[in-house]
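Subject: Structure handover, aromatic pairs

Hello,

Here is the structure for you to look at. My notes on its aromatic rings come after it.

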Amino acid sequence: MASAKTHQFHILSPDPWPIIGAFSALIMASGAIAWMHKAAVGPWVFALGTAAVLFTFYGWWAKVIAEANGGDHTPIVQLHLRYGMILFIASEVMFFVAWFWAFFNAALYPSHVEAVGGVWPPAGIEVLDPFVFPLLNTLILLLSGTTVTWAHHSLIHNDREGLKTGLWLTILLGLTFSSIQAMEYMHAEFAFAGNIYGSTFYMATGFHGFHVIVGTIFLIVCLIRAYKGDFTPKQHFGFEAAAWYWHFVDVVWLFLFISIYVWGSNFGAAVLANTPH
C-alpha cells in the first residue's frame, strides 16, 4: 500500500513519457530531413514521428491532469508551474523577436538589401490592405481576450456556466480568426518564396497563426475539463496557463498588425514619405 504524501513538493515516480517523447521527436525530425532531401520514405517517417509526438502529448498531459486531480499539485507545485509557464512564454517572445528583427532589418534599411530595390515594400509587391481582413482579425482577437477573461473570472467566482460560455465564445472567435487568415492568404498577391517581403511576412504571421491554432486546442481541452468538473476556484492552473497563452497571442498580433500590416504596407510607406525630415 502506497504511503500518503507527506511533503508539498513535486516528487513523482519514474515515468516513461520523457524518453518516449524524445524518440518520437527524433523520428519526426529524421523524417522531415529525409523528406527535404526528397527521400521516398521521408513523408512516411515524418508522419509516424508526428503521430508518436501527438500520442506523447496526449499521454503525458493526461497524466499531469491525473496528478492535479490526485492532489499532487500542492500550492508550492502550482507556484513552480506558473514560473515554468512564464519562462515558456518569455521564450516564445524571443522566438517572435527573431521574425520582427528580420522584417525590420529589411524594412528600415532597404538600400542595404539589393533584392528589394532600395524601397519598402519592394517594387512589384502588392501588399494586403491592413484595414480589411487584418483589422477585422484584430477586433476578433481583442474580443476573444475579453471572453477568456470573463471565463476566468467566472471560474474564480465558481460560476460554471459563465466559465463554459466564455470558453465557447473564445474558441469560436479563435476558429473565426484562423478561417479569416486562411482566406487572407488565399487572396495575397505575393508568394512565400522569391522575395524577402513574402518570406518575413508569412513566417511572422504564419507562426502566429500556428500559435492561435495551438491556443484554440488548449482552450478546447480546458472546455472538456470544465464539463468534467476538473477546475475549482482555488486550483485551475491548466485553465490559467491557457488564458495566459491566449493573451500572449493577442499581444503578439497587435504588434504584427501595427508593424507588419500597417507600418510595413503602402499606407506606412506613404506616411513616412510625407513626414518632414
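What follows covers the ring pairs, with two of them described in detail.

Please keep in mind that this is a predicted model. It holds 26 aromatic pairs. A pair of aromatic rings is described by the distance of the centres and the angle of the planes.

One of the pairs is formed by tryptophan 35 and phenylalanine 46, with 5.6 Å from centre to centre and 55 degrees between the planes, and it is tilted. Tryptophan 35 belongs to helix α1 (residues 17–36) and phenylalanine 46 to helix α2 (residues 42–69), so this pair ties together parts that are eleven residues apart in sequence. Both rings belong to partly exposed residues: tryptophan 35 has a relative accessibility of 46%, and phenylalanine 46 has 27%.

The second pair is tyrosine 185 with phenylalanine 201. The ring centres are 6.5 Å apart and the planes stand at 65 degrees, so the pair is edge-to-face; the angle cut-off for that class is over 60 degrees. This pair links distant parts of the chain, 16 residues apart, with tyrosine 185 in helix α5 (residues 160–187) and phenylalanine 201 in helix α6 (residues 196–228). Is each partner buried, partly exposed or exposed? Tyrosine 185 is partly exposed at 27% relative accessibility, whereas phenylalanine 201 is buried, with a relative accessible area of 1%.

Tyr185 and Phe201 also belong to a cluster linked by ring pairs. Its other members are Phe103, Phe104, Phe177, Phe190, Phe192, Tyr197, Tyr202, Trp253, Tyr261 and Trp263.

Regards

Note on methods: Residues numbered from 1 in each chain as written. Predicted model: local features only at pLDDT ≥ 70, side-chain atom pairs only at ≥ 80, totals over all residues. Heavy atoms only, no water. Phe/Tyr/Trp six-rings, centres within 6.5 Å; stacked < 30°, edge-to-face > 60°. Helix = DSSP H or I, 4+ residues; strand = E, 2+ residues; numbered from the N terminus. Buried < 20%, exposed > 50% of the residue type's maximum accessible area, 1.4 Å probe, protein only.
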